[in-house]
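Dear colleague,

I am handing over the structure below, together with some notes on what turned up when I went through it. Please read them with the structure open beside you.

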Amino acid sequence: MRLVIADDEVLLRQGLTRLLETTDVEVIASVGDASALKTAVAEYEPDAVIVDIKMPPTHTDEGITAALDIRASHPNVAVLVLSHYLDSRYALRLLEHQEGSVGYLLKERVSDLAVLVDALRRVTEGECVVDPTIVARLMSRRTTPSPVQMLSEREREVLSLMAEGHSNLGICEKLFLSPRTVEAHIGHIFAKLKLTESTDYHRRVRAVLIYLRPSQARTTG
Amino acid sequence: MVYQHRHWLCHYQHMVQTGNLGRASIVAAGLVMASMSVAVAMRDPDLSLAGPGWPMLVLEVGAGLLLVVAGAAAMARRSTSTAGVLLACAGGAWLIREWNSPVAGSAVVFTIGLAGASLCPAVAAHVAVIYPNFTPGRLGGLVVSMGYLVCGFLLGLGPALFFDPATQGCNQCPRNLLLVRAENAWISWLTRVGLWAATLWACALVVLLVVRLLKASVARRRVLAPVALPVIGYVGLVAWSDGRLAGGGLVVEPLEAWFWSWQAVLLCLLAAGSAVTRIRARRTRASLTRLALDLGRSADRNDLRSTLAAVLDDPDLKVLYPLADGSRVNAAGLPDAPQPGQSVTELAHGGVPVAWLSHRPRLLDDHLVVEEITTAASLTIDYERLRAETQAQLVSLRASRARIVAASDAERQRLERNLHDGAQQRLVSLALALRLARITGGERSPADGIRLDACAVELASALEDLRDLAHGLYPSALADEGLSAAVELLAESGSLTLKIRRLPERRYPAAVESAAYFFVAEIVRRCARENASVVVTDEAPGLVIEVEVDAAIDRELVDLEDRLGALDGRMTVSRTGNAATKVRAELPCAW
């Protein structure tokens with residue numbers, strides 16, 4: 001897998017590059033800001049980019065903006081956003097506009113090589129990956145009545161694993177359930193969320209989005 | 001205290017200067033001088049300026065006495081007290097003209113008569129230049145001092161020093177007490193120069209007064225004219241008469257009498273002119289009594305501005321009060337300034353400004369109206385000024401409280417950014433380095449590998465703590481997206497169920513948003529693991545935030561109250577059920 005890293009912290013870029021040398025991920029460029037990232041993407045056409053949410057010049061949300069720009073201009077490039085923020089709103093902003101091939105991880109996950117590489121692999125395969133901590137925070141969010149409230153405890157568990165980006169098989173392993181049971185749960189979830197018309201893959205993504213996006217989600221940006 | 005002290009001091013001085021006693025003694029002195037003039041004139045009517053016949057004598061003495069009385073009356077008013085003294089002096093100077101008569105009887109009277117024979121025009125000119133309470137400019141001051149030099153010295157004291165009655169052929173004259181040396185040539189030289197100088201001076205004064213009258217506004221002219229016009233006439237006559245003599249004209253008795261009687265008439269008019277001002281003052285006072293009554297009647301005595309605006313018919317009128325630091329505030333204690341193009345009139349109390357009126361130009365050119373306002377409204381002015389001072393202090397106190405809270409918010413925000421950009425970044429890099437060390441060095445020494453793993457776990461939890469800490473300090477959502485976004489994120493923070501209803505989406509001033517957010521966050525934090533509901537409504541006066549929790553809040557909420565109070569907000573706590581508490585905050589948003 002060919003990867004471009006964008007982070008204004010030189011130490012982190014170097015560390016990450018060296019760490020990824022031990023895997024099959026090839027870091028073909030590492031840059032310090034959003035415009036350099038866009039140039040690198042245009043030049044190398046990588047499989048994926050890792051982008052820090054805070055970069056020069058304003059150090060606020062350049063990463064999200066760059067991620068959305070890249071997804072719009074290069075649909076084949078998957079984007080994994082790294083963030084220090086616990087807020088779900090940046091993750092939601094990313095997912096508002098993208099139904100797949102994006103991920104949002106807390107920055108400290110970079111030291112967990114397995115998690116990082118797994119997330120990279122899944123976003124390049126078109127899934128969307130959200131950090132478990134953020135998913136947990138969203139799960140505990142009980143602000144307004146939403147279709148998700150109608151789900152049973154088990155169904156919600158399955159849905160939150162789907163949101164983290166796990167496949168059916170992964171969910172089976174996590175919850176110690178048979179594939180058949182998991183499929184049944186997912187079927188119930190689709191039915192309760194009234195997702196009956198589209199193909200299986202899109203239903204999956206949309207279920208996750210219904211779960212992640214609170215009904216009164218604000219349009220941002 | 002300092003101000004009051006000064007005020008009373010000034011008042012006391014004023015009483016001494018222009019008290020009844022002083023005025024009575026001036027009138028008494030005038031009567032004495034008048035009777036002496038009558039005595040001198042009666043002794044030999046042919047030698048007197050009035051000539052034989054009592055009507056002329058009555059006119060002469062009457063003019064002097066009228067000036068003295070009018071002067072004493074003018075002294076009663078603070079604004080014309082100096083002019084009053086001078087007016088009385090002019091009367092005196094007019095009366096002593098009769099005293100340099102050979103039949104003066106006493107050397108003292110004769111000498112005074114000699115030295116002051118020509119002083120009257122200078123004093124009358126002085127009155128006209130400063131009336132009613134003008135500070136003469138450089139030109140006015142020059143004209144006044146030239147008058148004293150010419151009329152007092154060249155035509156009075158100067159010749160008197162060299163006038164020996166005996167060598168002048170006046171054997172019956174009393175002794176000249178001022179005589180230094182008998183020099184007839186010097187006397188005639190001084191007199192000749194003095195007559196020319198007096199003519200020129202009188203013309204200059206007439207020009208000055210006429211120009212001033214023409215340049216004054218209508219209201220101002222109404223005040224100046226009754227005094228200035230008689231003086232112009234009187235000094236004009238003096239110039240005519242002196243100019244004629246200086247040009248070699250002979251003393252022609254009927255003409256001199258004509259000049260003299262008209263001068264007396266004009267001085268009577270001067271006295272009357274000053275009295276007219278007093279009568280007008282009475283009338284103004286009567287009209288302004290309404291103001292005093294209105295101010296006294298109104299239940300809320302704080303509205304000097306609108307009462308004055310109605311009485312003076314100027315809706316844009318403003319009343320400003322001075323603060324100790326020199327700034328000006330309105331009755332509410334808020335900084336204010338006169339509108340551009342408006343005139344500003346000072347209201348003073350014992351010389352100390354107590355208020356300013358900003359009004360349409362020329363509305364208050366008449367000093368009498370200003371004085372009457374000061375008198376009629378003095379209690380209200382004092383009351384409003386003190387209240388404005390207190391209000392201003394409150395305003396500045398509130399502003400400083402708000403600044404302190406804003407500074408603490410800014411500091412929280414700065415800390416939050418620093419933690420994200422500094423400590424957190426470094427720890428993440430450290431975690432990476434640790435991972436690399438684990439990969440490269442772990443194989444060589446399994447024990448080290450285990451230790452490194454333990455470090456990584458510690459580091460991960462440190463990072464987690466740091467992230468929570470930074471988020472609690474100042475959620476970036478609050479600064480970026482506002483109150484509703486930040487409160488919604490509170491619901492994610494875990495243990496409790498937060499029901500949020502009706503959150504206004506719009507942005508508020510940063511101080512209001514953070515006060516409202518920390519109010520909710522703090523209550524939610526204190527009753528963790530309970531259910532809470534938050535209702536935020538945007539009502540007319542401001543933002544109303546109600547937080548209802550399924551718990552009794554035992555601890556004091558003073559810190560929250562202070563935070564809200566800094567923005568003029570209020571907080572109420574009420575028990576709504578068995579173990580439920582409702583905390584309500586109101587925040588005005590007019591900031």
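Are B:W94 and B:Y234 buried or exposed? Both residues are buried, although it should be said at once that this is a predicted model, and that what follows should be read with that in mind.

The aromatic pairs are a convenient place to begin, and the count over all chains comes to 10. In the pair formed by B:W94 and B:Y234, the ring centres are 6.5 Å apart and the planes stand at 80°, so the arrangement is edge-to-face. B:W94 belongs to helix α4 (residues 81–95) of chain B and B:Y234 to helix α9 (residues 218–246) of chain B, so this pair ties together parts that are 140 residues apart in sequence.

The rings of B:W258 and B:W262 also have their centres 6.5 Å apart, but here the planes lie at 55°, so the pair is tilted. These two residues are four apart in helix α10 (residues 253–297) of chain B, which means that about one helical turn separates them. B:W258 is partly exposed, with a relative accessible area of 36%, and B:W262 is likewise partly exposed, at 41%. Ring pairs join both of them with B:W240 and B:F259 into a cluster.

Turning to the interface, the contact between the chains takes 35 residues from chain B and 35 residues from chain A. The area buried between them is about 3,200 Å², with carbon and sulfur atoms giving 51% of it. Of the area that chain B buries against chain A, 22% is supplied by B:L432, B:R467 and B:E492, which is more than any other three residues supply.

Four salt bridges are found across this interface, and in one between A:K54 and B:D421 the closest N and O atoms are 2.7 Å apart. Eight residue pairs are in polar contact across the interface of chain B and chain A. On the side of chain B that touches chain A, the elements giving two or more residues are α13 (378–441), α14 (446–473), α15 (476–481), α16 (483–490) and β5 (498–501) of chain B, and the largest share, 13 residues, comes from α13(B). The residues of that side divide into 12 nonpolar, 10 polar and 13 charged.

Finally, B:F153 lies in helix α7 (residues 138–162) of chain B and is partly exposed, with a relative accessible area of 34%. Leaving aside neighbours within four places in sequence, B:F153 is in contact with B:Y148, B:G158 and B:P159.

With best wishes

Note on methods
Residues numbered from 1 in each chain as written. Chains lettered and ligands numbered in written order. Predicted model: local features only at pLDDT ≥ 70, side-chain atom pairs only at ≥ 80, totals over all residues. Heavy atoms only, no water. Buried < 20%, exposed > 50% of the residue type's maximum accessible area, 1.4 Å probe, protein only. Contact = heavy atoms within 4.5 Å. Buried area = accessible area lost by both parts, 1.4 Å probe. Salt bridge = Lys/Arg side-chain N within 4 Å of Asp/Glu carboxyl O. Polar contact = N/O pair within 3.5 Å; in protein donor to acceptor, adjacent residues only side chain to side chain. Nonpolar A, V, L, I, M, F, W, Y, C, P; charged D, E, K, R; others polar. Phe/Tyr/Trp six-rings, centres within 6.5 Å; stacked < 30°, edge-to-face > 60°.
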